[in-house]
Each structure stands twice: as structure tokens, then as C-alpha cells.
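Visitor: I'd like to know how each label attached to a model like this one is earned. Could you take me through it, setting values against definitions?

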Amino acid sequence: MAFICSKGNLDMAYPALIMGNAALGEGVEVHIFFTFWGLDIVNTKTNDKLKFTLSGNTAMHMPDLGRIKPGLEHVSMPQVLGNLPGMTGYATRMMNKQMEEQEIPTVPEFLDLLQASGAHMYACRLTYDMMKLLEADLHPGVEGVISAGDFIDIAEGAQVVFV
Amino acid sequence: MDTRRGIVGGMNKLLILGAGTAGTMAANHLLATLDKSAWSITVVDQDTEHRYQPGYLFIPFWMKPERVVKDRRELLHDGIEFVEAGIAKVHREEREVELVDGRRLSYDWLIIASGTRPDPTLVDGMADGSLWRDKVHEFYTYEGSVALKKSLAEFTEGRILVHITEMPIKCPVAPLEFAFLVEDHFRKQGIRHKVDITYVTPLDGAFTKPVASKELGGLLKDRSIRLAADFAVERIDNEAQKLVAYDGRELPFDLLVTIPPNVGQQFVMDSGLGNDAGFVPVDKHTLRSVVDERIFVLGDASDIPTSKAGSVAHFAVEEFIDNFVAAVDGRPLPNAFDGHANCFIESGRGQAMLLDFNYDTQPLKGTFPVPVVGPMTLLKPSRANHLGKLAFEQIYWKMLLPGHKLPVSSHMSMAGKRQPKE
Amino acid sequence: MPTNTLNDRTFEVDAEGFLTRRDDWSEDLAADMAALIGIDLSDEHLAILRFMREDSAQTGVTPTLRRIQTVGGFDIKTLFALYPGKPAKKMAWLSGLPKPVGCV
């Protein structure tokens with residue numbers, strides 16, 4: 001299976017990591033290509049502080065609100081709330097807490113896990129150069145900085161999941 | 001055992017080999033201490049240029065090379081004789097020192113302050129390689145740091161290795177400082193992302209003592225500098241531009257900044273006074289030669305197990321003066337040097353760290369020299385430390401070398417230091 | 001200081017497991033410690049440790065690889081063959097001497 005991770009939000013980092021891990025568990029070969037803000041996931045300077053924002057997330061609703069008034073847990077939060085100061089920090093802490101309760105590892109730990117399980121991870125050459133990243137900062141599980149074309153070759157015939 | 005007292009009729013001759021930091025300080029201190037009518041003080045060095053060696057670190061980046069040089073003769077007080085000549089051999093039995101030009105100088109007491117020098121011939125492919133002073137550099141000599149300045153200015157892209165061949169080396173933190181400064185240099189130029197920096201050490205990490213490694217262990221990672229530890233270099237492959245270790249590891253480079261093995265001077269080895277690396281074995285508390293009571297060793301030339309650094313020489317000289325007077329009188333030596341060292345570590349980004357330690361106490365956290373108030377912080381980067389390091393240049397020329405007292409005890413003080421919790 | 005016990009022998013160690021008291025060391029202890037890191041301590045191994053202890057008794061510091069070669073006469077390649085990976089650290093640990101350190 002091949003994954004392309006193009007987003008650096010906390011909630012956009014997890015899907016590929018979780019699915020990739022599940023695929024490895026099923027004995028499937030896994031290749032992950034990190035591009036654009038997805039590079040933040042494998043950059044050790046940023047991957048321990050990925051953020052979750054309300055803005056742009058129209059589906060955002062909170063299970064805890066159901067305690068205040070039944071039904072409220074299914075109502076999506078008004079977009080404008082995301083513009084309030086401190087909201088991103090609050091939402092990020094909430095999400096990290098919920099992840100922890102589900103015993104889902106943090107992003108850096110998840111990468112260690114994927115590396116140990118044999119996932120192949122790559123950084124996108126174009127965006128890596130564009131963002132002036134340093135090889136020394138990449139998670140050691142990243143095998144190389146390769147072009148999109150290289151990844152297409154690697155992923156040929158595989159099921160490709162774009163996140 | 002020689003029963004003659006040091007002071008006998010006529011002039012007593014004190015001979016000092018080396019007019020560097022330790023030799024100059026000792027000469028000036030002793031001139032003020034000893035009875036001028038009974039003593040002559042002679043200092044020998046192979047040239048007349050005294051170099052401010054901490055400046056070597058900055059020459060590749062911004063310091064004007066000529067700024068680190070002064071005339072040795074001007075730094076020695078009037079009344080001290082200076083002889084410009086290479087030293088060939090010490091004849092202990094005759095109490096004579098043979099110079100390269102064939103002259104012989106006799107002495108009653110001898111101080112060896114000839115320091116240490118990098119010897120790049122000890123590693124295969126270093127001094128004898130085609131890349132020496134081109135892509136393989138050192139900054140432990142004046143010539144080396146000037147040559148490195150040129151290579152660094154032309155460097156725009158590629159891999160840089162900052163490498164220590166083997167301990168002990170002079171100023172053991174200098175390579176780390178260089179790594180921080182070179183990182184800063186390329187960051188300021190906006191091409192940091194094109195430069196890959198690796199710190200290569202034979203030890204098991206950049207920071208090897210418990211408290212320092214706990215406090216500063218993350219600093220390399222923070223600066224995106226890679227670490228290659230436990231790297232025992234076998235040779236430099238000039239053709240392939242690789243540093244090769246005994247265990248088979250190979251590190252490619254476009255610029256290698258290495259610290260060659262540091263050894264004592266040739267005359268020390270030729271005189272049978274040195275150990276395998278040319279350092280003179282001494283009692284670590286009195287700095288007196290273990291084989292000849294008429295010989296003391298100051299500065300980097302001895303084998304004492306502490307940093308080879310100017311601060312050590314400075315603290316040691318202060319302890320030594322009373323000991324020397326006592327030795328001349330035939331009394332027991334009153335002072336015991338504790339190995340006190342005090343070093344600024346440039347950490348880049350306009351900051352520096354400060355270390356204060358001795359034979360028995362590892363570098364700890366805290367403030368210096370005054371508890372709580374500081375103004376300098378131990379084991380933590382700060383602006384005040386950086387300014388302290390820059391200010392030290394003037395202190396060196398105007399206070400240390402002439403032999404003025406500094407408001408810092410030559411014995412290490414625990415005031416202001418915090419002990420790690422067990 | 002913490003202490004370790006190995007096959008009924010108790011010895012004081014530092015935070016990284018290096019012996020802190022010179023006299024706690026014995027060749028039997030070294031052999032038992034060596035087994036822990038997968039080394040079967042032969043006379044060839046021991047000869048190096050003996051040299052290191054004698055040397056450090058005089059100098060007060062753990063000899064470097066270079067010194068073990070130039071003074072002790074053991075080829076560095078041999079050291080790597082006998083104590084693979086990190087000979088400097090392994091040999092210091094097994095000879096009951098301090099870990100080789102810089103000034104920080």
C-alpha cells in the first residue's frame with residue numbers, strides 16, 4: 001500500500017499512520033510519501049507539536065457537549081469559534097488527550113513504531129527543498145528524499161491512499 | 001638527592017622554556033616575587049609572536065588574523081631576558097638547555113611551559129593527503145585557521161565534518177564551539193539547508209559528563225547537527241573524500257575540520273622527559289616533574305588530568321608561585337593545585353555557556369562567580385557569557401599575562417553551584 | 001553511589017555502571033561482566049585490561065586507544081576485533097576504570 005501525506009495538521013497526520021500500521025500488521029508492504037505540509041510529520045523539529053484547528057473543519061463536533069444538552073454532541077461547531085484566541089491550543093490539547101485515552105501513540109512514537117515494523121518512508125524532494133529542510137532533522141525512519149516521479153515508480157501497481 | 005639550597009652565592013638562574021600563556025605569566029609573576037639582585041630570569045622561545053589562541057576559533061568567521069598577535073618581548077616585563085631560539089634538548093645532568101643553534105644555557109631551576117601542538121602527521125592521509133589545507137583543515141594553528149577562513153568563505157553546499165581525532169586535546173570544547181559557530185554562520189547566510197554538519201568524536205557523545213550531558217545533550221539536535229560517536233579514525237581517504245574508522249564506518253565530506261592528535265614539543269621527547277605523547281609527567285598537585293625536582297611544568301606541557309587550557313595555566317601559575325619560593329628555600333610546598341578550569345563555550349546565536357570544574361568536580365549548573373546573582377550562568381547558554389568570552393581577550397592581554405590578580409579564586413569554589421540530586 | 005551485585009560480588013558503580021572503586025575489580029569479576037556483553041574473556045582480552053590498569057595506576061586516567069597501541073603494543077585493529085563496536089568504552093568498563101570523557 002502507498003500513502004501520500006500532504007497535510008501537517010494533527011488530525012490529518014494520524015489517518016495514514018494508523019492505516020499504515022494496520023496494513024503492516026496484516027503483512028502488507030507499506031510505502032509513505034510525505035509532501036508539502038505532510039513533511040511536518042517527519043520533521044523532528046515540528047512533529048511533536050502538530051496542531052488541530054477548528055477553522056476549515058466543518059465536521060468538528062464534541063462528544064462531551066452531549067452532557068450539557070443531549071443532541072449537542074452531533075452539532076458541528078460554528079466556524080467562527082476557531083478564530084477565537086487560544087482555540088487552536090485548546091482543541092489540540094483536547095485531541096491529544098483523547099488520543100492518549102485510546103492509547104494511540106504520539107506522532108514521533110508512531111514513526112518509531114512504523115520504522116521498526118518495516119514501513120518505507122520518503123520525503124518529497126521538491127517541497128523539502130522549497131521548505132529548506134535539513135536531513136539531520138528528518139526522522140531516522142525516512143529512507144530518502146526522493147522526487148514525486150521516483151515515488152510513482154515505487155508505488156506502481158499499489159493501492160494509493162492520498163491524505 | 002641534591003642538598004644544595006636554591007639560593008647560593010651569586011646569581012641564580014631561572015630558565016623558562018616557552019613564552020606562551022603559562023611561560024609569560026610565570027615570568028612576570030616571578031619577577032615581582034623573587035629578589036632581583038639574586039635572580040636572573042630568562043625566557044626562551046622559537047619566535048617573537050605571542051598569539052591569543054582563543055582567537056583561532058573566531059578567525060575563520062570574523063576576527064582579523066593580525067588581531068591575535070603581539071610581540072612576546074613586549075609582554076615580558078623589563079628585567080626578563082628573552083632569547084629567540086628553538087630548543088633542542090634539556091640536559092638534566094648538567095642542568096643545561098641546548099638550543100637549536102648550538103648554544104647552551106645553564107640553569108638552576110627550569111620551568112617547562114612549551115605547551116602542546118597539533119600533529120597532523122599521526123593520522124594517515126591527514127598532513128600527507130592531497131586535501132590538506134584545501135578540504136581538510138584544522139584551526140589549532142594560526143596558519144590553519146587562516147586557511148580555513150578561505151575555504152569556509154568559498155563553501156556554499158555540502159557535508160561538513162567537525163572531527164576530534166583523539167583526546168586529550170587543547171581546549172577540549174573548541175571543536176564543539178566550532179560546530180555551533182559554523183552552524184550559525186551558514187544560517188545567517190541563508191544556506192543552512194544546503195549544509196549538512198556532523199560532529200565526530202571518539203568519545204560516546206558530545207557531552208560525556210553526567211550533568212552536562214543531561215543539561216546540554218539536546219543542544220546538537222536543537223541545532224540540527226548530527227552526531228557520530230565512538231568514532232576511532234583510522235585514516236582519511238583523500239581520493240574518495242571520506243573519513244574512515246577502524247570499525248569500518250565511513251563518513252563522506254566536502255569539508256573536514258579536524259583536530260589532529262595533540263602532542264608535546266619534540267625537544268621534550270628528545271630529552272626523555274615526556275610520555276608517549278610528549279607530555280611531561282608531573283605531580284598533579286605541585287606540577288613538579290616526577291623525575292627531577294629542579295623542573296616544574298606549567299600549562300599544557302604537563303600530563304595533569306584536566307583540560308589543556310589557558311584558564312588552567314592561569315590558576316596553576318597562581319598556586320605555583322608560593323610553591324616555587326618554598327622549593328627554592330628547601331621547604332615543603334604549601335599549595336596543592338586542584339585542577340581548576342573555567343571555560344566559556346561559544347554556543348552560537350550570540351550566546352555562550354560557562355564551565356567551572358576541577359579534578360574532582362564535574363561541571364555543574366548554577367551561577368558564576370556570585371551565587372544566584374551571577375551574572376554568568378553555568379552550563380546554560382546566555383548572552384552574558386558570550387560577552388564575557390569576548391571581554392576575556394582584553395583581560396588576557398592586560399591582566400592575565402602581566403600577572404595581575406583576577407577577582408576569581410585559583411581554587412574552584414562550590415558557591416553558586418548546584419549539586420545534582422541523587 | 002549505587003552498587004551492583006554480580007555472582008555474589010558487590011561493587012560500587014556510577015550512574016552508567018562503571019566501577020568507582022579501583023579495588024573492587026578482579027579478573028574474575030571482569031570475566032563475569034564480559035559475559036554480560038557477550039564476550040568470552042580470553043587471556044588475549046585480559047592482557048589488554050591488565051595493561052590499562054597498570055597504566056592508569058601511574059597516569060590517573062584511562063588510556064586512550066592510541067596510547068594502548070603505542071605504549072601497550074596492542075594493535076588498534078586487534079582491539080576492535082576483541083571488543084567489537086565500542087572498544088574504548090567496553091574496555092574501560094571491563095577494566096574497572098572510568099569511562100573516557102572530555103571536559104563536559
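Visitor: Where does C:N7 lie in chain C?

Guide: C:N7 is in the loop between β1 (3–6) and β2 (9–12) of chain C. Helices and strands here are DSSP runs numbered from the N terminus: H or I over at least four residues for a helix, E over at least two for a strand. Before we go on, this is a predicted model, in which local features need pLDDT of at least 70, side-chain atom pairs count only at pLDDT 80 or more, and totals for chains, interfaces and linings use all residues. Residues are numbered from 1 along each chain as its sequence is written, while chains are lettered from A and ligands numbered from 1 in the order in which they are written.

Visitor: Why does C:N7 count as exposed?

Guide: A residue is exposed if 12 or fewer other C-beta atoms lie within 10 Å of its own, buried if there are 20 or more, and partly exposed in between, with C-beta atoms placed from the backbone. C:N7 has 10 C-beta neighbours inside 10 Å, so it counts as exposed. A:E103 also counts as exposed, because it has 6 such neighbours.

Visitor: What makes the phi of A:E103 worth pointing out?

Guide: Its phi is near 55°, a positive value in a residue other than glycine. C:N7 has a positive phi too, near 45°. Most residues other than glycine have a negative phi, and most peptide bonds are trans. A:E103 sits in the loop between α3 (87–101) and α4 (107–117) of chain A.

Visitor: Which residues are joined by a cis peptide bond with omega of about 0°?

Guide: That bond joins B:M167 and B:P168. B:P168 is in the loop between β12 (158–164) and α4 (174–188) of chain B. A cis bond also joins B:F368 and B:P369, with omega about -5°, and here the proline lies in strand β23 (residues 365–370) of chain B.

Visitor: How do you know that the radius of gyration of chain B agrees with a compact globule?

Guide: The radius is taken over C-alpha atoms, and the globule rule is 2.2 Å times the number of residues to the power 0.38. For 422 residues the rule gives a value near 22 Å; chain B has 22 Å, so the two agree. Its C-alpha trace spans about 70 × 50 × 40 Å along the principal axes, and 48% of its residues are buried. Chain B comes to 9 helices and 25 strands.

Visitor: How is chain B divided into domains?

Guide: The bounds come from an automatic or database domain assignment. They give domain 1 (12–116 + 264–329), domain 2 (120–261) and domain 3 (341–418). The C-alpha centres of domain 1 and domain 3 of chain B are 25 Å apart. Their contact takes 22 residues from domain 1 and 15 residues from domain 3, where two residues are in contact if their C-beta atoms, placed from the backbone, lie within 7 Å. On the domain 1 side, α8 of chain B gives the most, with 6 residues.

Visitor: What makes a set of residues a nonpolar core?

Guide: A nonpolar core is a set of buried Ala, Val, Leu, Ile, Met, Phe, Trp, Tyr and Cys residues joined through C-beta atoms within 7 Å. The largest has 132 residues, and those with the most contacts inside it include B:I16 and B:L355. Helix α8 (residues 310–329) of chain B gives the most to this core, with 7 residues. A second, separate core of 35 residues includes A:M1 and A:F151. In soluble globular proteins, nonpolar side chains tend to be buried together. B:L355 also reaches into chain C, touching C:C103 and C:V104 among others.

Visitor: Which chains share the most contacts?

Guide: Of the 2 pairs of chains in contact, chains B and C share the most, with 25 residues of chain B in contact with 22 residues of chain C. In the other contact, 6 residues of chain A meet 5 residues of chain B. Chain A and chain C do not touch, and their nearest C-alpha atoms are 20 Å apart.

Visitor: How confident is the predictor in chain B?

Guide: pLDDT is the predictor's confidence in each residue, from 0 to 100. Chain B has a mean of 93, and 97% of its residues reach 70 or more. Over residues 1–7 of chain B, however, the pLDDT is below 50.

How values were computed: Lists of a residue's contacts leave out its neighbours within four places in sequence.
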